[in-house]
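Me: Please take a close look at the largest pocket of this protein. What lines it, and what are the parts around it like?

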Amino acid sequence: GGLFAWLRGRCLGRGAAVDPARDTFGAMTGLYGAIQPADSVSLSTRTHGAVFNLEYSPDGSVLTVACEQTEVLLFDPISSKHIKTLSEAHEDCVNNIRFLDNRLFATCSDDTTIALWDLRKLNTKVCTLHGHTSWVKNIEYDTNTRLLVTSGFDGNVIIWDTNRCTEDGCPHKKFFHTRFLMRMRLTPDCSKMLISTSSGYLLILHDLDLNKSLEVGSYPILRARRTTSSSDITSSGSSTPRAVGSPCHQNDLGPLSEKHLSRSSQREGGSPRNSLEVLTPEVPGERDRGNCITSLQLHPKGWATLLRCSSNTDDQEWTCVYEFQEGAPVRPVSPRCSLRLTHCIEEANVGRGYIKELCFSPDGRMISSPHGFGIRLLGFDAQCRELVDCLPREASPLREIRSLYSHNDVVLTTKFSPTHCQIASGCLSGRVSLYQPKF
């Protein structure tokens with residue numbers, strides 16, 4: 001029994017040899033549950049508009065803040081001191097920040113550009129990337145190929161070779177295109193790309209290869225389907241879920257011909273690279289209606305995806321966790337869905353029209369979710385156990401561990417520190433708060 005338990009833990013990425021920080025993160029999880037609202041510190045300089053995104057450097061030494069009024073703020077999260085303001089980082093709203101390492105980070109904006117910055121020389125940008133034709137909303141970094149990946153409201157996912165930037169620009173090419181694109185994420189091992197849309201679809205590119213042909217029509221398309229919950233699996237067995245329409249341009253993706261897809265699978269040895277799966281995630285109470293997927297995050301160990309969905313009438317929102325099922329569909333005739341709903345909770349849609357960015361804790365045991373004028377810390381169960389240790393038979397409510405309120409306006413974004421027991425949140429009026437236990 002001990003041997004099999006050890007082997008199972010190693011397969012799940014746990015154990016002293018695989019995850020030496022697990023015990024440290026477990027202790028931090030207990031401290032998060034003890035944080036009180038009074039333990040917050042307000043960080044603010046001057047009027048810089050709403051806070052749209054927060055990002056810590058990988059070593060936790062710097063907290064960057066993307067602001068509505070063209071600014072990027074930098075703080076020392078340990079001392080709670082303001083370091084610097086990049087007053088004209090862009091010509092429009094700054095939407096997202098992504099660190100490539102402990103020194104280099106990228107920002108994107110509604111001015112359609114991406115900027116690269118070096119913490120050692122913040123007076124000027126390293127370079128500016130031009131290629132999108134509309135607001136750029138998301139930045140990812142493929143650690144395997146060292147390529148920057150961005151997405152915007154022009155529907156394009158563009159990859160950039162930042163190691164080959166010159167005075168004339170940065171080599172880039174369009175990797176994918178779909179209508180109604182909202183967010184794009186890479187799994188921690190960069191083996192999958194997930195794309196959410198405002199029309200309620202979730203697209204998954206399996207066995208990701210960013211160096212492959214970039215013609216969108218070359219992607220083998222898996223059958224479009226609705227995600228399942230545990231109860232659906234129990235009651236329906238292996239019956240094929242109801243097919244749904246594709247959110248992508250038909251002239252981009254071509255007809256959904258099973259004969260054509262089967263040939264593609266056979267030609268690639270049964271597991272083609274960049275196979276596209278189109279899903280409509282199940283949302284409680286909204287089973288037969290489309291929902292706008294406004295926020296998309298991934299479990300730090302790649303076990304699950306976290307979505308924030310607004311209802312069809314836009315009067316409520318849902319935070320939902322979907323487990324990545326083992327044996328993701330690699331054949332287009334497979335009836336099985338890659339994701340299944342495991343946990344969810346209803347959120348009041350305070351501040352309609354604004355996207356609320358939520359996040360996992362570094363160990364994936366907790367979720368921090370914007371909730372009105374504060375944040376809620378949520379767990380998979382009351383003990384904040386890991387997802388794989390408390391998978392429910394049916395979709396279950398997320399447990400509220402703690403509510404923290406220190407803002408006087410709607411909270412739009414929140415983030416856990418990757419190295420310290422600290423949570424940051426930013427609101428519509430521009431205030432940033434830090435939550436940490438007091439000793």
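Reply: In this predicted model, the largest pocket holds about 1100 Å³ of space. Its lining is made up of 37 residues. Those that lie nearest the centre of the pocket are Glu55, Arg98, Leu298, Pro300 and Lys415. By class, the lining residues divide into 20 nonpolar, eleven polar and six charged.

Seven elements give two or more residues each to this lining: strand E2 (51–56), strand E6 (94–99), strand E10 (136–142), strand E14 (181–186), strand E20 (292–298), E24 and strand E29 (411–416). The protein as a whole has five helices and 31 strands.

Two of the lining strands can be set beside the UniProt record. An unreviewed entry there places the feature "repeat: WD" at residues 87–120 and 129–161. Residues 87–120 are 0% helix and 53% strand, and the C-alpha atoms at the two ends of that span lie 17 Å apart. For residues 129–161 the figures are 0% helix and 61% strand, with the end C-alpha atoms 10 Å apart.

E24, which also contributes to the lining, belongs to an open sheet of four strands in the order E24-E25-E26-E28, with antiparallel pairing. Strand E24 (359–360) and strand E28 (399–405) are the edge strands of that sheet, each pairing on one side only. The partner of E24 is strand E25 (residues 366–371); two bridges join them, and they run antiparallel. Across this pair, Phe360 stands opposite Ile367 in E25.

Two loops that start from strands named above each hold a residue with an uncommon backbone angle. Most residues other than glycine have a negative phi. Cys190, in the loop between E14 and strand E15 (193–197), has a positive phi of about 60° although it is not a glycine. Because its relative accessibility is 6%, under the 20% limit, Cys190 counts as buried. Cys384 is found in the loop between strand E26 (374–379) and strand E27 (396–397), and its phi is also positive, near 55°. At 5% relative accessibility, Cys384 counts as buried too.

As for the protein around the pocket, 56% of its 439 residues count as buried. Among contacts with a separation of 6 or more, 58% are between residues 24 or more positions apart.

Notes:
Residues are numbered from 1 along each chain as its sequence is written. This is a predicted model: local features need pLDDT of at least 70, side-chain atom pairs count only at pLDDT 80 or more; totals for chains, interfaces and linings use all residues. Side-chain values use heavy atoms; hydrogens and water are left out. UniProt positions are given in the numbering used here, feature names are shortened, and annotations may be inferred rather than shown by experiment. Two strands pair if DSSP finds at least two bridges between them. On a 1 Å grid over the protein atoms alone, a cavity is a set of points where a 1.4 Å probe fits but cannot get out, and a pocket is an open set with protein on both sides within 12 Å along at least five of seven lines; lining residues have an atom within 4 Å of a point. Grid points are joined across faces, edges and corners, and a volume is the space filled by probe spheres set on the points. Ala, Val, Leu, Ile, Met, Phe, Trp, Tyr, Cys and Pro count as nonpolar, Asp, Glu, Lys and Arg as charged, and the others, Gly among them, as polar. Buried means under 20% relative accessible area, exposed over 50%, partly exposed in between (1.4 Å probe, protein chains only). Contact means heavy atoms within 4.5 Å.
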